[in-house]
Amino acid sequence: MFKYTIKRLFQSLITVFLVVSVVFLLLRLLPTDYFFTEEQLIKLTEEQQEDLLRANGYLDHPFVQLGRFYKELIKTEHKEHYYDSVKLVDANTYEIRFLEKGEAANIKPEDVKLERLEGVTDEYPVVNAVEAYVSDDPEKPNTVVLKTDNEVQKKVKYTLICGSHTGNFTVRKEGKEVAVQDEKTTDNWDYFTNMRVWLNFGESHRVQTGLPVTEIISSKIIVSMRIGLSALAIALVIGVPLGIMQARYKDGVLDAAGQAFTIFINAVPHLVTYFLVMIIGNRLFGLPIQFSVTDPKSAILPMISLSMGSIASYMLWMRRYMVDELNKDYIRLAKLKGMSTTQVMFKHVMKNAFLPLAQYLPYSVLLTVGGSILVEKMFGVPGLGNLLPDAIAKYDANLVQAIVSLYASLGIIGLFLGDVLMIILDPRIRLTGKGGTR
């Protein structure tokens with residue numbers, strides 16, 4: 001099991017890496033206009049656009065950009081950090097960006113200081129802050145610009161004081177952002193346990209300009225997950241028992257009705273099915289059509305629409321697997337021993353028939369965070385499903401990259417957890433070894 005887990009994890013990482021890399025390189029084939037907002041395209045000249053592209057590295061070779069993307073993918077932040085970054089523009093100029101929005105506006109110029117931690121020598125003279133002001137550049141929000149009287153030395157530790165905020169940092173290279181460690185944290189373990197780690201996919205250029213992509217996605221995931229998990233629960237509670245009843249009363253009225261429902265759901269386009277749910281729910285039961293966060297009833301129709309396909313799928317496959325199991329020799333033997341049909345169904349058949357469905361259950365659970373494009377579009381649900389086509393339509397490269405990476409990761413993790421769940425439900429299953437392996 002351990003070797004199998006390591007092997008699958010390695011395969012999963014390679015697969016995610018390839019998917020993310022291919023998507024990144026394909027997005028870099030887009031025209032460079034899509035790296036600007038519409039306002040920037042109007043205001044900036046071609047020379048200014050080219051300078052901005054070069055400063056952000058968009059004119060570098062695609063594989064150089066890919067390497068930089070992976071290098072900057074994982075970011076860390078300590079809970080007590082006040083500064084997002086400190087950037088050395090030139091030998092005498094800093095750009096100090098704060099974490100909390102609007103914090104820069106509260107800093108007074110006279111409260112900004114810069115001090116060296118090591119002793120002063122002729123080689124490393126005193127560095128003082130001579131000017132500080134809030135940047136008016138819209139591309140650099142929440143930023144204070146600091147001017148010094150002497151050149152700042154690289155690889156020398158400095159203390160930065162902005163009002164009541166103090167932090168230590170070391171300049172390593174011009175033009176690069178450097179992390180600022182809070183002076184209050186001296187214990188390494190305390191610093192580690194209070195560290196926040198997240199994926200950095202950059203900022204949105206067009207969908208929600210200037211907002212980090214991870215913030216946009218996190219705000220949408222919760223809505224999609226609530227509706228998706230509720231729909232999945234409805235499908236399991238209804239679909240699995242109905243599939244069992246179809247197998248139990250095979251060729252009866254219930255079985256015929258269930259097969260008719262399954263054929264209808266699979267044959268009719270989903271858009272038509274969702275429209276019927278919308279009309280029936282609104283006209284007969286007075287349920288609202290448009291989703292609203294403040295109205296719990298507005299989530300009923302999206303949940304029903306999203307669960308219809310899964311109900312039909314669980315009915316179809318549960319019936320199929322149970323009918324197959326009923327024709328096996330161990331079932332005939334159980335009946336010869338005197339077990340009733342109900343006992344055979346629930347003690348033997350149902351457990352074995354549910355195993356193939358259980359394999360894809362974690363996959364289905366994880367993919368609920370992705371939402372449904374059609375359902376969310378029809379009912380106005382502000383979830384993640386509607387975000388991907390919106391990002392593609394507006395050519396928001398960073399947002400598309402993040403969503404595709406999320407879907408690829410969730411899909412692979414879900415399949416792996418499905419194998420683990422099968423082992424838990426049936427200890428006879430072995431994922432490694434000779435004979436009977438999967």
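Cys 162 sits in strand S7, which covers residues 157-162. In this predicted model, the relative accessibility of Cys 162 is 0%, so the residue counts as buried. What does Cys 162 touch, leaving aside residues up to four places away in sequence? The list runs to Tyr 83, Ile 96, Phe 98, Ile 107, Asp 111 and Val 112. Ala 104 can be placed relative to Cys 162 too: the two are 58 residues apart in sequence, yet 9.2 Å separates them in space, C-alpha to C-alpha.

Stepping back to the whole chain, the secondary structure adds up to 15 helices and 11 strands. Of the 438 residues, 39% count as buried. Contacts across the sequence can be put in numbers as well: among those between residues at least 6 apart, 65% join residues at least 24 apart.

Now for the cores. The largest nonpolar core has 30 residues, and the ones with the most contacts inside it are Phe 69, Phe 201, Val 213, Ile 217, Leu 387, Leu 399 and Ile 403. Helices H1 (2-27), H4 (62-71), H6 (213-248), H14 (387-393) and H15 (397-425) are the elements that each give two or more residues to this core. H15 gives the most, with seven residues. A second, separate core holds 20 residues, and Cys 162 turns up there, along with Ile 107, Ala 132 and Val 152.

Back in the largest core, Leu 387 makes a handy example of how the pieces meet. Residues up to four places away in sequence aside, Leu 387 touches Val 207, Ile 216, Ile 217, Lys 220, Leu 399 and Ile 403. Among these partners, Ile 217, Leu 399 and Ile 403 are also on the list of core residues with the most contacts.

Helix H4 shows its two sides plainly. Gln 65, Leu 66 and Phe 69 are the buried part of the story in H4. Looking down the axis of H4, the buried residues fall within an arc of 105 degrees, so they line one face of the helix. Phe 63 and Lys 71, on the other side of H4, are exposed. Phe 69 has been met already, as one of the residues with the most contacts inside the largest core.

Next come the helix pairs, starting with H6 and H15. How do the axes of H6 and H15 cross, and within what distance do they come? They come within 10 Å and cross at roughly 50 degrees, which means that H6 is oblique to H15. The crossing of H6 and H15 is right-handed. On the H6 side, the contact is made by Val 213, Ile 216, Ile 217 and Ile 221, and these meet Asn 398, Leu 399, Ala 402, Ile 403 and Leu 406 of H15. Ile 216 and Ile 217 of this contact are also touched by Leu 387.

H15 has another partner in helix H11, which spans residues 341-359. The axes of H11 and H15 come within 8 Å, with a crossing angle of roughly 160 degrees. The two helices are therefore roughly antiparallel to each other. Here too the crossing is right-handed. H11 brings Lys 351, Leu 355, Ala 358 and Gln 359 to the contact, while H15 brings Gly 418, Asp 419, Leu 421, Met 422 and Leu 425.

Gln 359, found in H11, deserves a quick look of its own. Is Gln 359 buried or exposed? At 14% relative accessibility, Gln 359 counts as buried. Leu 415 is 56 residues away from Gln 359 in sequence and 7.4 Å away in space, going from C-alpha to C-alpha.

Finally, some backbone oddities. Most residues other than glycine have a negative phi. Asp 251 is not a glycine, yet has a positive phi of about 70 degrees. Where is Asp 251 found? Asp 251 belongs to the loop between H6 and helix H7 (253-267). With a relative accessibility of 63%, Asp 251 counts as exposed. Tyr 395, also a residue other than glycine, has a positive phi near 55 degrees. The loop between H14 and H15 is the place of Tyr 395. Its relative accessibility of 35% means that Tyr 395 counts as partly exposed.

Definitions and conventions:
Residues numbered from 1 in each chain as written. Predicted model: local features only at pLDDT ≥ 70, side-chain atom pairs only at ≥ 80, totals over all residues. Heavy atoms only, no water. Core = buried A, V, L, I, M, F, W, Y, C linked by side-chain atoms within 4.5 Å. Buried < 20%, exposed > 50% of the residue type's maximum accessible area, 1.4 Å probe, protein only. Helix = DSSP H or I, 4+ residues; strand = E, 2+ residues; numbered from the N terminus. Contact = heavy atoms within 4.5 Å. Arc of directions from axis to C-beta. Axes fitted to C-alpha atoms, helices over the stretch in contact; angles between N-to-C directions. Parallel < 35°, antiparallel > 145°, perpendicular 65-115°, else oblique. Left-handed = near helix turned anticlockwise from the far one by under 90°.
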